[in-house]
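Please find below a short note on the fold, set out as numbered points for discussion. The sequence and coordinates under review come first.

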Amino acid sequence: MTLGELLENIALVEGINIAKNMIKVEGEDFDFNVSGYTSALGESRPNRYSIITILNGRSVRIPNVQNAIIEAYKTYLPPDRFPITILKIDSELSLVDVNVHPSKNE
């Protein structure tokens with residue numbers, strides 16, 4: 001999925017106005033390639049369910065990444081509000097063991 005397709009999907013789920021104000025996120029190192037979008041400060045949700053991580057094409061919960069995102073917004077959002085963030089993380093398959101978590105979603 002390209003970043004353009006991801007933004008189109010955000011528009012379908014969250015609405016066109018939110019999608020227009022999303023901030024592009026991109027970065028990479030030797031092991032990981034990260035891309036996606038995060039919400040501007042004016043948009044937030046009352047729970048963490050709008051923080052989505054897609055690892056090698058599979059939607060999973062990555063607590064360390066989720067906590068880092070929440071920490072980054074900590075001084076900008078009230079304690080009971082969370083950003084809308086969709087991150088696509090690609091890595092070598094050998095770096096990830098999907099069988100670690102019983103339901104294979106972490």
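**Notes on the sheet and its helix**

1. G27 stands opposite V34 in β2. The model is predicted, and this residue pair belongs to the antiparallel pairing of β1 with β2, which runs over six bridges. A hairpin of three residues provides the connection from β1 to β2.

2. V34 also has a partner in β5, where I89 stands opposite V34. Here too the sense is antiparallel: β2 (residues 32-38) and β5 (residues 85-91) pair over seven bridges. In general, the strands of a sheet pair through backbone hydrogen bonds, in either a parallel or an antiparallel sense.

3. These pairings sit within an open sheet of five strands, ordered β1-β2-β5-β3-β4, in which the pairing is mixed. Its edges are formed by β1 (23-28) and β4 (58-60), each of which pairs on one side only. From one strand to the next, the twist averages 20°.

4. Helix α1, spanning residues 3-14, lies across β1, β2 and β5. Relative to β2, helix α1 runs at about 35°.

5. L7 is located in helix α1. Is L7 buried or exposed? Neither term applies: because its relative accessibility is 27%, L7 falls in the partly exposed class, given that buried requires under 20% and exposed over 50%.

6. With neighbours within four places in sequence left aside, L7 is in contact with A19, M22 and Y37. As for I18, the C-alpha atoms of L7 and I18 lie 10.0 Å apart, at a separation of 11 residues in sequence.

Note on methods: Residues are numbered from 1 along each chain as its sequence is written. This is a predicted model: local features need pLDDT of at least 70, side-chain atom pairs count only at pLDDT 80 or more; totals for chains, interfaces and linings use all residues. Side-chain values use heavy atoms; hydrogens and water are left out. Two strands pair if DSSP finds at least two bridges between them. Helices (H or I, at least four residues) and strands (E, at least two) are DSSP runs, numbered from the N terminus. Axes are lines fitted to C-alpha atoms, for helices over the stretch in contact, and angles run from 0 to 180 degrees between N-to-C directions. Contact means heavy atoms within 4.5 Å. Buried means under 20% relative accessible area, exposed over 50%, partly exposed in between (1.4 Å probe, protein chains only).
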